[in-house]
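Thanks for taking a look at this one with me. Below are some numbered notes to keep beside you as you turn the structure around.

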Amino acid sequence: MAFATLPPELRNLCRRLTATKAEQLPALLPSLLKDLLRCQEPLSKPQEAKGSESSSESAMLVHKLKTQISALLNSRTTQGRFVGVALVKAVIETGGWECLRTSGPWVSGLLTVLQRKDPAVVKELCIVTIVKIYSLMHAYPTLVREIVTPTLTTFASACLQILKPPVSSKAVKTPNSLVEAILEAFSTLIPLFPTTLRQSSSKIRAETRSCIAPTISDGAIVPSSLQASSRRLAIRLHMTAAKGGDSTEWAKHLDGLIKTFHSTADQVFRAVHESWESTSGHIPGATLQQVDFDKEPQGGSTSPDQLPPWTGIYAGSERMIGLLDFIGDYLRCRTKVAVTIPVSAIVDIVTRISSIMPPTPGREKSASVQMNPAVGREERDELWAVFPDVQLAAIRLLYTMIQRLGRNFLPIAQESLEQLLRMFESSYRLPEIRTMTFLLTNEILHLSGPTMAKLTVESLNLVTKACCRDLLGAEGHLKRPKQSASAAQDGLKTKSIAQNADAFLSNKAEDESISVALSADHISAVAALLTTLFSHVPQQHLPSSLRAQMLRTAILSQNRDAQVASVLHPARDKSGRTPQIILPYLTRQFPHDESVEILRFNFRPMATGFRNDIMDIDDGPLEDEPEEQPSTNSFSFDRPFEPAFANPRNVLADTSMIVEAPASPPPPQVVEPTVKAPNPFLPRSTLETVVRSEERHTTLEQVPPPVTNSLKRKSEDADEDIVVSKRVEIDTTTTISASVPDTIDAPSQAPAMSGVGVDEESSDNESVHLNMELDSSEESASDDDDDDGAEDV
């Protein structure tokens with residue numbers, strides 16, 4: 001589909017720029033930019049020397065537009081220059097290469113505007129426009145050689161001039177937004193043109209030193225966004241090194257940060273006797289010998305290559321936190337070449353922080369850190385006040401490491417988990433500590449959770465309980481803490497303590513639930529950790545009470561992922577039971593969820609009782625069974641003779657003698673089923689049990705009778721069949737196999753017969769032959785069966 005060659009917005013744009021005064025253009029800027037963005041085709045189309053009438057008109061209007069924008073850049077008013085800069089950026093982004101190749105005069109005009117004493121908003125927009133032009137030209141070496149290289153040095157000098165502090169106190173200080181825009185501009189251009197900016201790298205590094213790790217001793221407030229921008233720029237300055245020295249410069253700067261951190265920690269931690277031993281070669285005692293305990297802790301230097309000086313515990317803790325975040329940014333920012341991360345040195349920093357255990361009332365003195373008697377009480381109190389923030393920064397550093405290293409973090413996962421749990425034990429009262437602990441624990445469990453030992457899983461009890469408590473509190477299911485009605489505690493007199501009269505009232509306030517306000521990131525971290533505790537932790541190592549608390553939390557908080565994980569990873573006791581199955585709760589809470597429906601139709605939990613409570617199902621292939629012959633001599637409404645043999649327990653329990661076949665094929669194991677009361681409304685089983693018993697090589701044999709007349713033998717066999725059938729119908733709970741009598745007795749004497757004969761030498765063939773004889777004698781004995789059946793009824 002071809003677009004119009006000359007859009008009406010182009011002619012309208014030129015007319016409005018000509019007819020409107022420069023002072024009124026800022027109010028029209030949104031509509032001007034909208035019309036300009038719709039003129040992409042004429043702006044990006046090559047301008048031919050000769051062409052049709054429409055193309056010549058389009059080229060004339062495009063040329064007129066560019067001339068008007070150049071006039072606005074050189075305008076005498078600030079409003080005109082502001083609109084001109086905005087239109088240049090829009091034309092470059094819309095026109096593409098066709099406008100880039102003719103943007104040389106515009107770049108010179110933008111540099112002129114940048115060096116004027118215009119407001120910060122104009123300079124900020126000018127910097128963004130120049131960086132956009134330079135970034136687009138990076139793909140065209142010809143444009144880089146003609147436009148970027150001659151003007152980039154001028155741009156860097158103009159930006160550094162803006163960053164310089166004012167000479168007189170009356171001059172206006174550069175706004176933080178403009179400083180951040182300049183630092184982001186350098187961060188963007190250094191990876192693209194490192195050689196051109198190499199001569200300005202030292203000046204850029206000096207300008208960033210005050211924003212990397214600011215303290216209260218600096219006397220200025222630095223926003224967190226400005227700190228992040230300055231750190232990214234300082235990290236990318238290693239790209240300006242000579243060819244082949246990028247990785248060396250990167251490692252050198254990171255090693256310097258680690259040494260600066262340890263020297264700062266020597267001053268801040270001087271109130272305690274540390275039991276930590278460095279693995280990176282740092283000696284704490286060497287610095288402590290130079291510490292003057294009569295003065296406050298202090299550090300830093302006025303050198304351009306060092307961070308600014310600081311004084312006091314609060315300033316020192318801020319410097320330590322800033323350095324830890326700076327090291328994390330080193331791991332987070334990408335590099336052009338491969339670098340070697342000093343993992344042992346970074347872990348050594350976290351080990352030093354985690355080895356310090358603040359004193360708590362409930363902990364023994366041997367478990368807490370020993371204090372330095374040369375330090376006053378005020379300094380120690382300040383240390384314990386800022387120490388949780390230092391621990392939080394250390395946990396963030398570990399979290400950054402595990403995100404950067406991925407599976408390579410596995411060798412130090414166990415050590416990092418131990419360090420994390422030590423820090424969490426002393427500062428879990430703070431929500432920020434809990435949030436980062438939940439995030440880091442979740443990542444560690446995904447790496448090494450399934451292979452954790454029982455002791456390691458038990459060490460996670462405090463984290464698991466805090467996770468359940470936060471999730472219940474966020475959902476409003478946390479019980480209100482009980483108030484003590486006793487006023488005197490720990491041997492204190494009641495007169496010196498204010499009593500709470502409401503504590504003696506019998507109200508139901510203690511049974512009410514309270515809701516805890518937590519951030520969205522905190523709730524997300526808690527929910528993810530609860531799911532991981534079900535899916536990536538050996539459930540047999542979790543205490544049953546703790547797992548029950550986790551299940552209760554998952555149900556009350558309606559955490560679908562955690563409930564699904566608990567069903568897929570059940571806990572089994574020593575007898576193999578799985579008593580904690582919450583699939584009904586899950587189905588009730590999420591009846592329309594697809595994953596829950598799939599789980600409900602496909603998941604079959606293990607038995608909740610003993611293993612022998614259910615029958616083992618033979619999964620082997622079924623063999624073809626012989627077809628059953630219809631019987632006509634039955635008196636039980638067309639039912640077969642053998643319904644009592646349907647229960648394997650009755651056959652095995654009441655049969656007195658069993659003859660097993662040769663052991664050529666091993667007989668399968670038979671587990672006795674649970675005895676159930678017979679249901680008269682269910683159809684009775686057929687002769688399949690008898691056939692399967694023959695296939696399993698287990699045969700019930702009858703004692704052969706004495707040799708008699710062959711003509712009389714057939715009638716005796718028929719009567720024998722009738723007798724056995726009547727015995728089966730009389731007793732439905734047990735099965736009695738009777739032997740063939742010597743003489744044919746009356747049916748009334750059938751219940752008195754007993755005794756089973758066993759022939760150990762008989763084979764399966766004889767048994768089959770016996771069955772065939774019984775089947776063939778059905779017609780001859782039909783009359784006798786009717787008589788016997790009547791007597792039996």
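1. Salt bridges make a good starting point: the count across this predicted model comes to 18 salt bridges. Side chains of opposite charge can pair when their charged atoms come close.

2. One to find early is the bridge between R232 and E184, whose closest N and O atoms are 2.4 Å apart. It links distant parts of the chain, with R232 in helix α12 (residues 224-236) and E184 in helix α10 (residues 176-189), 48 residues apart. R232 has 28% relative accessibility and counts as partly exposed; E184, at 25%, is also partly exposed.

3. Next, have a look at helix α26 (residues 594-602), which holds both E597 and R600. These two lie 3 residues apart, about one turn of the helix, and their side chains meet in a salt bridge of 2.9 Å, N to O. E597 is partly exposed at 23% relative accessibility, and R600 is partly exposed with a relative accessible area of 33%. Elsewhere, R231, D329 and R332 are joined into one network by salt bridges that share partners.

4. The side chains of R560 and D561 also meet in a salt bridge, at 3.2 Å from N to O. Relative accessibility is 27% for R560, which counts as partly exposed, and 40% for D561, likewise partly exposed.

5. Now for the aromatic rings: how many aromatic pairs does a search of the whole structure find? There are 6. In one of them, Y134 and F155 sit edge-to-face, with 6.1 Å from centre to centre and 85 degrees between the planes. Y134 belongs to helix α8 (residues 120-137) and F155 to helix α9 (residues 141-163), so this pair ties together parts that are 21 residues apart in sequence. Are these two rings buried or exposed? Y134 counts as buried at 0% relative accessibility, and F155 is buried at 0% as well.

6. W384 and F387 give another edge-to-face pair, 6.0 Å centre to centre with 90 degrees between the planes. Both residues lie in helix α17 (residues 377-405), 3 residues apart, about one turn of the helix. W384 has a relative accessible area of 18%; the cut-off for buried is under 20%, so W384 is buried. F387 is buried too, with a relative accessible area of 1%. There is also an aromatic cluster, formed by W250, F326 and Y330.

7. Where does the largest nonpolar core get the most residues from? This core has 98 residues, and F269 and I353 are those with the most contacts inside it. Helix α17 gives the most to the core, with 15 residues. Setting aside neighbours within four places in sequence, I353 is in contact with residues including F261, L324, F387 and M423. A second, separate core has 70 residues, among them L29, V131, I147 and C211.

8. Finally, the chain as a whole. Its secondary structure comes to 31 helices and 8 strands, and 41% of its 793 residues count as buried. Of the contacts between residues at least 6 apart in sequence, 76% join residues at least 24 apart. The chain exposes about 44,400 Å², with carbon and sulfur atoms supplying 53% of that area.

How values were computed
Residues are numbered from 1 along each chain as its sequence is written. This is a predicted model: local features need pLDDT of at least 70, side-chain atom pairs count only at pLDDT 80 or more; totals for chains, interfaces and linings use all residues. Side-chain values use heavy atoms; hydrogens and water are left out. Rings of Phe, Tyr and Trp (its six-membered ring) pair if their centres lie within 6.5 Å; planes under 30 degrees apart count as stacked, over 60 as edge-to-face and the rest as tilted. Helices (H or I, at least four residues) and strands (E, at least two) are DSSP runs, numbered from the N terminus. Buried means under 20% relative accessible area, exposed over 50%, partly exposed in between (1.4 Å probe, protein chains only). Contact means heavy atoms within 4.5 Å. Accessible areas come from the Shrake-Rupley method with a 1.4 Å probe; for residues, only the protein chains shown count as cover. A nonpolar core is a set of buried Ala, Val, Leu, Ile, Met, Phe, Trp, Tyr and Cys residues joined through side-chain atoms within 4.5 Å. A salt bridge is a side-chain nitrogen of Lys or Arg within 4 Å of a carboxyl oxygen of Asp or Glu.
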